[in-house]
Amino acid sequence: MLRVLSWDEKSSIEVFLRQKDNGFIPEEVTETVKKIVRDVRDRGDSAVLEYSRKFDNVYDIKDFRVSSQALEKLAGEAEAGFIEAIGKSIDNIKKFHMNMADRDFNIFTDNGSVLGSRVTPIDKAAIYVPGGKASYPSTVVMCAVPAMIAGVREIIILTPPSDNGSINPYAAATARLLGIDKVFSIGGAQGIAAAAFGTATIPKVDKIVGPGNTYVAAAKREVYGFVDIDMIAGPSEIAVVADSSANPGWAAADLMSQAEHDEAARCFLVTDSRDFAARVDAEIERQLGHMKRKEIISRALENNSAAIVTDVIEQAADIINRIAPEHLEIMTENPFGVLKDIKNAGAIFLGAYSTEPIGDYIAGPNHVLPTYGTAAFFSPLSTRDFQKRSSLIYYNKEDLAAYGSAAIKIAEAEGLEAHANALKVRLQYDK
């Protein structure tokens, strides 16, 4: 099922990876989304309703906001075991993200001037939670907890309804547990645009976070600049680096854990043993028969995935840094030895028991991660993403006298006379 590429076929590996770097948002999707975003910007709720009727079976503006009574009723449908489990998740994610916050700092010059950075939270944030037939309460936790720790004043949730017209009860229960009561039954590009520009019903926010389908990704790209976004998320990815000491059944299970997300998911096994690659492939065939989403898994593994066989395991870092995967598992005798050469990965799981789903749900680090190779320049969502920094400059007379003439020289070199003059009038005044 997994195509096998050898280390000595570097050109073949590079061709395969380049074929998968052609982007994931088709031009027709971009054009459709541009129209939706423009319509929502210009016509507000009426445009949101038009598209929600078409795509989400929402027929009245008053149905956009999920009432507190409806939230409570939906939350009551979640069993006690789930409430206990998501509570543990919230606790662990809080503990981790408390350590991720930026802090104010000040630097004092010898003459007593003050230079610093002031950290403040953004005011409003929207969390996009995929809906329909899916259930993503973990997305609510991963996005809301760091925002709350940062001090975001208002958090709203956007989530499309299921076929019966209501939102997912597990997402509703998680929202209530976190104290989020502004939940809107709106999805797609129209939901992203509504939060970006604001309507009579949906508040305008400063930042939009959370995963979604191709239309959601395209909409986030389109509104970036009017609001901030976390990232433009593409299909899910996993790379498993394993030597012959690893359990092939576990490696197969972990590859499939990401393949089930999407037919476009990318899954890579990097190993120094061709025999191990064959055993993993056999395990995939064996386990696949028990999977409800086996059609999706099969397509993802056959079309977008590969086993890459190196000469020695140390060569795996070169491959991983080129892929820059969303998730990286290192299942080797010495995982920390492999880790030292890894530069590009969203989340790194070390050792046989650190399976990717433990990071998705409960370990503590965020599961909103850079995808499709963007781990080369993006980072996981964190508390810092909901904070902004203002530079502070308190210059006194002595420091202006010491550095003002240098600033004048630079301003004059740039041809900005008024900049230089603002410095000169102060220096001349004090003579």
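A salt bridge here is a side-chain nitrogen of Lys or Arg within 4 Å of a carboxyl oxygen of Asp or Glu. By that criterion, a search of the whole structure finds 18 salt bridges. The model is a predicted one, and this tour visits some of those bridges before turning to strands, helices and two loop residues.

**Stop 1: salt bridges**

Select Lys62 and Asp63. Their side chains form a salt bridge, with the closest N and O atoms 3.6 Å apart. Colour the pair by accessibility: Lys62 is exposed, at 63% relative accessibility, while Asp63 is partly exposed, at 36%.

Go on to Lys340 and Asp341, where the side chains meet in a salt bridge with an N to O distance of 3.2 Å. Lys340 has a relative accessible area of 62% and is exposed. For Asp341 the value is 36%, which means partly exposed. Then select Asp102, Arg384 and Arg389, which are joined into one network by salt bridges that share partners.

**Stop 2: helix α11 and its neighbour α10**

Select residues 274–288, which make up helix α11, and show the side chains of Glu283 and Arg286. These two side chains form a salt bridge of 2.9 Å, N to O. Both residues belong to α11 and sit three residues apart, about one turn of the helix. Is Glu283 buried or exposed? Its relative accessibility is 18%; the limit for buried is under 20%, so Glu283 counts as buried.

Add helix α10, residues 248–259. The axes of α10 and α11 are 8 Å apart and the angle between the helices is about 60 degrees. The two are therefore oblique to each other. Their crossing is right-handed.

To view the contact, show side chains on both helices. On the α10 side the contacting residues are Pro248, Gly249, Ala251, Ala252, Ala253, Leu255 and Met256. On the α11 side they are Phe276, Arg279, Val280, Glu283, Ile284, Gln287 and Leu288. Glu283 thus appears in the contact with α10 as well as in the salt bridge with Arg286.

**Stop 3: strand β12 and the strands beside it**

Select residues 327–331, strand β12. How many of its five residues are buried? Five are, and the strand is mostly covered. Rotate the view to check each face: His327, Glu329 and Met331 are buried on one side, and Leu328 and Ile330 are buried on the other.

Now add strand β9, residues 237–242, which pairs with β12 in the parallel sense over five bridges. One place to look is Ala242, whose bridge partner in β12 is Met331. Next add strand β13, residues 347–350, which pairs with β12, also in the parallel sense, over four bridges. Here Glu329 has Phe349 of β13 as its bridge partner.

**Stop 4: the sheet β2-β3-β14**

Hide the previous strands and show β2, β3 and β14. They form an open sheet of three strands in the order β2-β3-β14, with antiparallel pairing. The edge strands are β2 (105–108) and β14 (387–394), each pairing on one side only. On average, neighbouring strands of this sheet are turned by 15 degrees against each other, direction ignored.

Zoom in on the antiparallel pair β3 and β14, which are joined by eight bridges. Pro121 can be found opposite Gln387 in β14. Then select Ser117, which lies in β3 (residues 114–121). Ser117 has a relative accessible area of 11% and is therefore buried. Which residues does Ser117 touch, leaving aside those up to four places away in sequence? They are Asp104, Phe105, Arg389 and Ser390. Arg389 has already come up, as a member of the salt-bridge network with Asp102 and Arg384.

**Stop 5: two residues with positive phi**

Select Asn57, in the loop between α3 (45–56) and α4 (68–75). Its phi is near 60 degrees, a positive value in a residue other than glycine. Asn57 is partly exposed, at 44% relative accessibility.

Finish at Ala324, in the loop between α13 (316–323) and β12. Ala324 is not a glycine either, yet it has a positive phi of about 50 degrees. Is Ala324 buried or exposed? At 1% relative accessibility, Ala324 counts as buried.

Conventions: Residues are numbered from 1 along each chain as its sequence is written. This is a predicted model: local features need pLDDT of at least 70, side-chain atom pairs count only at pLDDT 80 or more; totals for chains, interfaces and linings use all residues. Side-chain values use heavy atoms; hydrogens and water are left out. Buried means under 20% relative accessible area, exposed over 50%, partly exposed in between (1.4 Å probe, protein chains only). Contact means heavy atoms within 4.5 Å. Two strands pair if DSSP finds at least two bridges between them. Axes are lines fitted to C-alpha atoms, for helices over the stretch in contact, and angles run from 0 to 180 degrees between N-to-C directions. Angles under 35 degrees count as roughly parallel, over 145 as roughly antiparallel, 65 to 115 as roughly perpendicular and the rest as oblique. A crossing is left-handed if the near helix is turned anticlockwise from the far one by less than a right angle, and right-handed if clockwise.
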